[in-house]
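Welcome! Here is a short tour of a protein model, written for someone meeting it for the first time.

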Amino acid sequence: MSWTHRRRWTSAVLCGVSLALAATACSSGKEADSAANGPQHQTGAVSLVYAQKQGDQEYFIGEAEGAKAKAKELGIDLKVVNLGNDANKAVTEVNNAINQKASGVIVVVPDPSVGPQVAQLTKTGGVALLTSDDQVCTTGPDPSKCAKDQLVPRVGFSGTQMGTEVGRRAGEDFKKAGWKPEETAIVDAWKQDVTVCTDRVEANKKAFREAAGVDVKVIDVGTDNTPSDAQNKISATVAGNRSVKNWIVMGCNDENVSGGVAAIQNSGYAADNVLGVGLGAYLACKEWRGGKPTGFKAALFINGKDVGALAVQTIYDYLKNGKAMPAEAFAPTTMVDSGSWQQAGVTCS
């Protein structure tokens with residue numbers, strides 16, 4: 001890849017203002033200057049590597065499908081790699097992509113601590129870098145402490161927006177249920193070193209208070225974002241709070257809410273005394289499909305296919321057309337429940 005491409009990549013990384021999907025050049029003016037001078041674009045075929053954490057999770061399976069469909073449409077040679085939860089594999093696969101002369105890499109890192117290494121490798125190798133879902137900082141291991149102009153461009157969802165929708169729905173349903181605040185507790189569960197998860201949780205707490213109009217006790221639970229770990233951790237939380245009559249469960253994703261609802265119901269609480277609002281809907285729908293009473297009352301549908309397709313389109317536009325990658329680009333979301341998930345198009349496999 002030419003020096004001009006690497007310069008455009010650097011400029012995209014340093015563009016720290018949150019932009020809409022149709023965003024154009026950074027305010028620094030470098031992208032505008034390049035465009036005005038007629039930047040060189042990649043003339044040959046585009047080859048991409050999409051390296052995902054937890055690639056066997058329903059959401060990421062959908063993301064890969066969306067990416068593959070868009071790649072086929074655009075004539076892109078796309079390789080999808082499942083990183084599992086192995087942060088070291090992320091570094092290895094990025095190195096492999098560089099050695100194989102890939103045009104660009106889209107990555108969902110298992111751990112943000114490898115972000116700076118991944119960013120440096122792609123920059124040195126002259127390979128375009130875009131993240132999807134989770135943020136990556138070019139200068140430090142913790143994106144939450146990273147200057148905005150040091151975050152790698154990202155495609156996914158707005159953590160604040162999603163958390164707000166989850167908290168608002170939980171607050172509204174709490175009011176409809178007529179539960180007393182003093183008899184109720186909220187469990188918020190998430191992997192606490194993942195910035196986008198923290199954004200979601202902070203937003204759901206604020207939105208819940210605004211929608212409910214009262215304060216309810218909140219118990220924060222750290223998990224690894226899997227159903228099994230959430231179930232284990234929240235079981236212990238419930239055991240230590242037996243005076244609570246009604247439970248509200250929120251968190252980073254469907255996994256945390258699914259595990260939390262299971263933990264609470266297995267502890268002897270009826271489904272009517274549990275109010276879980278998930279984020280993803282890919283696990284919630286399995287509860288609703290069975291038709292049995294469940295504390296999993298609603299979920300925000302986030303379609304991985306939309307993110308995968310948007311990520312491929314975004315990096316393709318950059319490589320082929322010189323269009324600056326926006327600091328952030330977001331796919332749409334929809335709140336669903338047991339009566340609306342099928343109509344909304346949730347895939348439940």
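The report below looks at an enclosed space and then at two loop residues.

## About the model

This is a predicted model, in which local features need pLDDT of at least 70 and side-chain atom pairs count only at pLDDT 80 or more, while totals for chains, interfaces and linings use all residues. Residues are numbered from 1 along each chain as its sequence is written, and side-chain values use heavy atoms, with hydrogens and water left out.

## A cavity between two domains

Searching the whole structure turns up one cavity of 30 Å³ or more (a set of points on a 1 Å grid over the protein atoms alone where a 1.4 Å probe fits but cannot get out). Its volume is about 60 Å³, meaning the space filled by probe spheres set on the points, which are joined across faces, edges and corners.

Lining residues, those with an atom within 4 Å of a point, include Lys 53, Pro 110, Asp 134 and Val 196. Domain 1 (47-152 + 305-332) and domain 2 (159-302) both contribute to this lining, so the cavity lies between them; the domain bounds come from an automatic or database domain assignment.

## Two loop residues with positive phi

Lys 101 has a phi near 60°, a positive value in a residue other than glycine. Asn 225 is also not glycine, and its phi is positive, near 70°.

Is each one buried (under 20% relative accessible area) or exposed (over 50%), using a 1.4 Å probe and protein chains only? Lys 101 counts as exposed because its relative accessibility is 68%, whereas Asn 225, at 5%, counts as buried.

Note on methods: 1 Å grid on protein atoms, 1.4 Å probe; cavity = no way out; pocket = protein on both sides within 12 Å on 5 of 7 lines; lining within 4 Å.
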